[in-house]
Amino acid sequence: KLQKVAINGAALKEWEVYRDVLEADKIINVPIAKHHSLSRVTLGMKNWLGALGGNRNQLHQGLDPAMVDLAAYFKPALTVLDAYRILYRNGPQGGRLSDVKMLNTVVAGVDWVAVDTMGASFFDLKPADLRFLQIAYERGFGETNLEKLNIEKRTI
């Protein structure tokens with residue numbers, strides 16, 4: 001079931017959201033890293049479109065600010081980016097195994113902007129290359145300079 005809610009974002013004012021997401025005490029966002037023809041990549045912020053009902057293609061005109069508004073609205077407690085195997089071109093649907101790159105990597109963090117920034121680096125993209133990262137940083141939602149963060153790397 002869907003429920004219309006006030007997003008109160010800079011670009012997105014209200015939208016229909018799946019009630020299951022709204023009723024959760026805490027939300028863990030688990031996106032899969034992939035190329036996307038409109039936003040260039042699908043990471044944590046783009047993943048929130050999956051929590052929406054309605055005519056989502058209407059968001060494509062202002063996709064970058066809408067993605068930031070949604071992430072700010074949902075406030076994930078944790079973002080876990082699956083970059084084990086990424087679709088690095090011809091996304092979001094893909095087509096061939098040659099479009100896939102094995103990274104054997106998972107990124108987890110409470111700063112969803114930083115997680116998306118790290119994810120962007122897997123596609124050789126910098127924060128300045130992605131408008132949604134610039135907007136999120138400018139609005140104070142997280143860090144895009146990974147050198148300022150304490151990043152732990154673990155091999156399992």
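Me: What makes the largest nonpolar core a core, and which residues have the most contacts inside it?

Reply: A nonpolar core is a set of buried Ala, Val, Leu, Ile, Met, Phe, Trp, Tyr and Cys residues joined through side-chain atoms within 4.5 Å, where buried means under 20% relative accessible area, with a 1.4 Å probe and protein chains only. The largest such set here has 39 residues, and those with the most contacts inside it are Leu43, Met45, Leu70, Phe122, Phe123 and Phe132. Its largest share, seven residues, comes from H3. This is a predicted model, in which local features need pLDDT of at least 70 and side-chain atom pairs count only at pLDDT 80 or more, while totals for chains, interfaces and linings use all residues. Residues are numbered from 1 along each chain as its sequence is written, and side-chain values use heavy atoms, with hydrogens and water left out.

Me: How do you know that the buried residues of helix H5 are on the same side?

Reply: Helix H5, residues 131-138 (helices are DSSP runs of H or I with at least four residues, strands runs of E with at least two, numbered from the N terminus), has Phe132, Leu133, Ile135 and Ala136 as its buried residues. They cover an arc of only 160° around the axis, taken from the directions from the helix axis to the C-beta atoms, which puts them on the same side of H5.

Me: Why is Lys101 called partly exposed?

Reply: Partly exposed lies between the buried limit of 20% and the exposed limit of 50%, and Lys101 has a relative accessible area of 30%, so the term partly exposed applies. Lys101 is placed in strand E7, residues 100-109.
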